[in-house]
Amino acid sequence: MPMSFCPIFCRSRSNSSLTKWVASFSRIGLISKLVFVKKVSEMEIRDVLVINCKVLGLIMPINLYFNISVVMKIADKGANIVRITVQGKKEADACFEIKNSLVQKNYNIPLVADIHFAPSVALLLLNALTKFWSIAADRRAQFEQLEYTDDDYQKELDHIEQVFTPLVEKCKKYGRAMRIGTNHGSLSDRIMSYYGDSPRGMVESAFEFARICRKLDFHNFVFSMKASNPVIMVQAYRLLVAEMYVRGWDYPLHLGVTEAGEGEDGRMKSAIGIGTLLQDGLGDTIRVSLTEAPEEEIDPCRRLANLGMKAAELQQGVAPFEEKHRHYFDFQRRSGQLPIQKEGEEVDYRGVLHRDGSVLMSVSLDQLKTPELLYKSLAAKLVLGMPFKDLATVDSILLRELPPVDDNDAVRTLPTFFFFFFLSLFQGSIGVFFSHSFSVKRLIDISMGVITPLSEQLTKPLPNAIVLVNLKELSAGAYKLLPEGTRLAISVRGDEPYEELEFLKGLDVTMILHDLHFGEDKISRVHAARRLFEFLSDNALDFPVIHHLQFPNGIHRDDLVIGAGTNAGALLVDGLGDGLLLEAPDKDFDFLRTTSFSLLQGCRMRNTKTEYVSCPSCGRILFDLQEISAQIREKTSQLPGVSIAIMGCIVNGPGEMADADFGYVGGAPGKIDLYVGKTVVKRGIEMEHATDALIQLIKDHGRWVDPPAEE
């Protein structure tokens with residue numbers, strides 16, 4: 001097992017085309033690549049944006065000018081590169097006019113051609129564009145079970161080399177760059193027959209083309225490993241880098257989660273995938289793929305890039321440690337021991353954490369004054385005003401301040417039913433007086449954990465609370481002042497001396513809160529957590545660990561989403577962690593809760609809503625993607641466990657929908673094809689009827705659930 005080193009950013013850059021490694025392995029057991037501006041054809045690239053060029057096929061002046069204006073708008077927003085969809089010769093011809101017009105307007109932004117299965121088209125563009133992303137020489141997968149002999153396999157490789165070589169030679173001659181990219185779910189039948197639809201297959205597919213480039217002494221290329229599943233995406237890039245290290249290669253990486261979707265879900269998925277790799281110094285260019293207007297991708301892209309650049313500049317890290325337990329290339333979750341009911345306990349603690357990932361929320365004393373609003377905010381199901389846990393209900397709450405003791409005593413003297421009846425009659429000051437502790441008691445009754453600091457519990461004891469203790473209080477023995485059998489939650493930074501962590505041994509701990517303030521400059525939160533998990537594994541301590549992120553006042557919503565996805569997602573994709581507690585003083589309570597659940601679902605843990613795989617706008621789409629996506633989401637959002645792909649076209653084959661149960665795909669202008677998995681089941685549906693047909697298809701397969709009635 002490789003040795004882990006700190007600092008994470010341990011590689012220097014030289015001016016040679018292939019830089020040398022300074023360290024053998026980084027903390028994650030892979031090569032640690034500095035997030036760096038890489039020169040490609042003498043153009044700096046840091047973020048990659050896509051442009052919708054679907055109107056170029058018409059070659060009408062008004063459409064051409066429109067697309068030129070879109071490129072300019074994207075450039076003005078701060079993009080470093082614009083990628084243009086090029087389906088055929090007409091679009092290729094239009095690229096020359098776009099390029100010339102931009103130059104005349106003093107826009108020298110590099111243009112990248114997005115070409116699929118058309119090497120002859122790529123050859124036409126060598127004089128106009130800077131870089132090519134080309135899936136040019138292989139064929140679309142037919143998802144057939146094929147048996148390949150070694151000779152058959154080699155014949156296909158020979159064919160690829162024959163078709164691909166002219167493009168490589170021209171790129172070399174004109175000094176152009178190339179992106180060698182593979183998409184999970186769009187691998188050839190040849191690759192899948194040997195490696196399956198897997199990260200290993202993605203890497204091997206890319207290496208087939210890279211070997212041809214190297215054979216021709218062409219090194220001006222960048223790798224990408226795209227997947228809509230952030231976990232698969234991270235595994236593929238790590239495997240790619242590890243294999244490059246073995247071969248002594250050092251090529252740039254372009255990072256992206258493909259078909260991430262829209263809004264906060266799309267940003268969250270991108271943060272989990274891209275941010276995880278940037279935290280370990282892997283990545284040279286990034287693209288946030290959203291089902292939104294192209295220019296809307298730039299802002300979250302910048303925010304992600306800034307996180308990586310900041311970590312590099314500050315040389316964030318922790319003290320050196322050796323990793324022996326984390327799985328880098330395959331997902332194996334470390335499952336903490338969920339609370340077990342103990343003899344003599346008055347309440348049921350088994351529900352304070354969820355087996356698929358827990359969501360904790362910080363609740364204020366003011367929120368306790370309005371119990372029904374609080375229950376709704378926690379996503380509890382209400383029956384006659386009383387809360388019950390549901391699929392997406394918060395599992396536990398953190399109360400930094402407890403109600404006054406007198407309030408507690410008053411409530412404990414009243415039977416629950418009588419008190420509730422009394423409270424329903426009085427909405428004034430008397431009701432408020434009792435409501436604090438009544439709210440807490442009702443939450444404890446439904447097996448929601450209530451966590452409170454040691455100082456609060458010692459001065460205003462709340463029956464059946466879980467008491468939060470830090471390591472200093474633990475080492476001082478202050479927790480021994482609590483009644484015997486009190487449940488403990490321990491707050492840990494992860495970078496403490498091992499002598500302090502030793503106090504965790506021999507304790508009965510309900511959960512650990514990994515709490516390293518978001519504003520720490522020099523300490524890497526991700527790597528401090530890995531160090532903590534390594535200590536727990538070394539000492540056979542299976543305490544559940546909750547990632548506690550405290551964001552500063554005034555943080556932008558996108559920065560919070562991206563920060564949570566990067567810092568907690570980087571750990572959850574490795575199976576390290578059992579839940580989340582996100583705090584931000586000025587952010588809406590519902591926003592923090594939904595962000596937490598989105599993060600767990602993005603890491604393939606707790607599934608609480610419909611999962612969508614939707615592609616970004618590009619020149620190939622056959623309908624208004626944003627409008628249709630919003631329409632489908634509005635009607636199908638209540639289907640947890642169901643994944644729906646919304647695809648503008650099927651250029652790379654149905655494998656693009658590798659993770660989806662159902663697919664809504666543009667088959668022709670105004671026509672929609674419906675899929676179950678990778679199999680088309682209905683073709684040519686008129687668009688105005690297609691959404692209803694999709695819903696009926698879901699019903700036919702027994703996956704439909706009617707939306708919940710309004711309470």
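Rings of Phe, Tyr and Trp (its six-membered ring) form an aromatic pair if their centres lie within 6.5 Å; planes under 30 degrees apart count as stacked, over 60 as edge-to-face and the rest as tilted. This is a predicted model, in which local features need pLDDT of at least 70 and side-chain atom pairs count only at pLDDT 80 or more, while totals for chains, interfaces and linings use all residues. Residues are numbered from 1 along each chain as its sequence is written, and side-chain values use heavy atoms, with hydrogens and water left out.

**View 1. A cluster of aromatic rings links Phe207, Phe221, Phe223, Trp249 and Tyr251.**
By the ring rule above, the count comes to eleven aromatic pairs. In one of them, Phe221 and Phe223 have ring centres 5.4 Å apart and planes at 80°, so this pair is edge-to-face. Trp249 and Tyr251 also make an edge-to-face pair, with 5.9 Å from centre to centre and 80° between the planes. Are these rings buried or exposed? Here, buried means under 20% relative accessible area, exposed means over 50%, and partly exposed lies in between (1.4 Å probe, protein chains only). Phe221 has a relative accessible area of 3% and is buried, and Phe223, at 0%, is buried too. Trp249 counts as buried at 6%, as does Tyr251 at 1%.

**View 2. Eight strands close into a barrel with parallel pairing.**
Helices (H or I, at least four residues) and strands (E, at least two) are DSSP runs, numbered from the N terminus, and two strands pair if DSSP finds at least two bridges between them. To follow the barrel round, take the strands in the order β11-β14-β15-β16-β17-β18-β19-β20. From one strand to the next, the twist averages 25°; axes are lines fitted to C-alpha atoms, for helices over the stretch in contact, and angles run from 0 to 180 degrees between N-to-C directions. Look at strand β11 (residues 358–363) and strand β14 (residues 396–399), which run parallel and are joined by four bridges. Within β11 and β14, Met361 stands opposite Ile397.

**View 3. Helices α17 and α20 lie across strands of the barrel.**
Contact in this view means heavy atoms within 4.5 Å. Helix α17 (residues 525–538) lies across β17 (488–492), β18 (509–515) and β19 (545–550), and runs at about 155° to β18. Helix α20 (residues 589–602) lies across β11 and β20 (579–583), at about 165° to β11.

**View 4. Salt bridges reach helix α18 from Glu264 and Arg303.**
A salt bridge is a side-chain nitrogen of Lys or Arg within 4 Å of a carboxyl oxygen of Asp or Glu, and by this rule the count comes to 46. In one of them, Glu264 meets Arg557, with the closest N and O atoms 2.8 Å apart. Glu264 lies in helix α8 (residues 263–279) and Arg557 in helix α18 (residues 557–567), so the pair ties together parts that are 293 residues apart in sequence. Both residues are partly exposed: Glu264 has a relative accessible area of 28% and Arg557 has 36%. The side chains of Arg303 and Asp559 also form a salt bridge (2.9 Å, N to O). This pair links distant parts of the chain, with Arg303 in helix α9 (residues 298–314) and Asp559 in helix α18, 256 residues apart. Arg303 counts as buried at 17%, whereas Asp559 is partly exposed at 28%.

**View 5. A salt-bridge network includes Asp574 and Arg530.**
Asp574 and Arg530 meet side chain to side chain in a salt bridge (4.0 Å, N to O). Asp574 lies in the loop between α19 (569–572) and β20, and Arg530 in helix α17, so the pair ties together parts that are 44 residues apart in sequence. Both Asp574 and Arg530 are buried. Which residues make up the network of salt bridges? They are Arg238, Asp280, Glu323, Arg326, Arg530 and Asp574.

**View 6. Strand β23 pairs with β22 and β24.**
Strand β23 (residues 662–668) is mostly covered, with five of its seven residues buried. Four bridges join β23 to strand β22 (residues 643–647), and these two run parallel. Met647 stands opposite Val665 in β23. With strand β24 (residues 671–676), β23 runs antiparallel and shares six bridges; Gly663 has Tyr675 in β24 as its bridge partner. β23 and β24 form a hairpin with two residues between them, and Gly670 in the turn has a positive phi of about 80°.
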